[in-house]
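Visitor: I am new to this structure and would love a close look at one small part of it. Could you pick a single spot and walk me through its setting?

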Amino acid sequence: MSALLTALRLGDSAFPSGGFAFSQGLEPVLAADRTAGPDVVLSFIREQVRLRFATADRVGLVRAYRLADDEDAVAAVDREFHAASPVAPQRLASAKNGAAFLAAHVRLRTEGAAAYQARVRAGRAFGHLPVVQGLVYRRLGLGEGEAVRVAGYAMVMGIAQAALRLGRMRAMDTQSVVARALSDLEAIADADIDDGAPATFTPLVDIAAIDHTHARGRLFSS
């Protein structure tokens, strides 16, 4: 199968990666502003792309991708990503989403997925989503840039779909927001990865995510 078709299959919101259970912090942000609509959702996604995905998730993914033939090295990237994730709800959501992602690929018999899942279950790795994405996408034959774009697309579309499910956008609003957010993703997709640890700066979203753990009747895990 061509890399393009593989990317389309993996980026499809119908792919059972477990991402539907997470709003990436959008639900608590919208809960604090009952009038928020597409403009707020777009601003939120753009912040996530620039200040979380570009500087943290993408870093973990690319490093894991480049080291995919060395499972011990991938696990070291996993530990670094865990240590660089100071907000407990966000850290837990990443690990849970990563576990669901791995489980799907184990059932699909994707090379390397079962071995890394066993390592996570044995407590020798955390299985954060960006790290396992880098590992799996490399094994599936995606190029590095394609892997980054598939992961970024999944994040953008996941947040937009969460807003739709929360009743803050209509279907056409979703497409408009996603189209504009993807231009931001494209702008950072091929940027160099430096030697620094993964890092984020989204304090308001982090505070909302912490508060969300105590919310009653929530729709999403994060």
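**A close look at one glycine**

Guide: Happy to! This is a predicted model, and the protein in it has 10 helices and zero strands. Following the chain from its start, you meet the pattern α-α-α-α-α-α-α-α-α-α. The radius of gyration is 16 Å, close to the 17 Å that the globule rule gives for 222 residues, so the protein is as compact as a globular protein of that length. Its C-alpha trace spans about 50 × 35 × 35 Å along the principal axes.

Now let us go to our spot, Gly37. You will find Gly37 in the loop between helix H2 (26-31) and helix H3 (38-66). Is this glycine buried or exposed? Gly37 has a relative accessible area of 16%, and because buried means under 20%, Gly37 counts as buried. Across the protein, buried residues make up 47% of the 222 residues.

Which residue can we pair with Gly37 across the sequence? Try Ala163: Gly37 and Ala163 are 126 residues apart in sequence, yet their C-alpha atoms are 8.5 Å apart in space. Sequence separation can also be followed through the protein's contacts. Among those with a separation of 6 or more, 80% come from residues 24 or more positions apart.

To finish, step back to the outside. The protein exposes about 10,800 Å², and carbon and sulfur atoms supply 55% of that area. As for charge, there are 25 positive and 24 negative charges, and their mean positions are 7 Å apart.

Note on methods
Residues numbered from 1 in each chain as written. Predicted model: local features only at pLDDT ≥ 70, side-chain atom pairs only at ≥ 80, totals over all residues. Heavy atoms only, no water. Helix = DSSP H or I, 4+ residues; strand = E, 2+ residues; numbered from the N terminus. Rg over C-alpha atoms; globule rule 2.2 N^0.38 Å. Buried < 20%, exposed > 50% of the residue type's maximum accessible area, 1.4 Å probe, protein only. Contact = heavy atoms within 4.5 Å. Areas by Shrake-Rupley, 256 points an atom, 1.4 Å probe, with all protein chains shown as cover. Lys, Arg positive; Asp, Glu negative; His and termini not counted. Charge placed at Lys NZ, Arg CZ, Asp CG, Glu CD.
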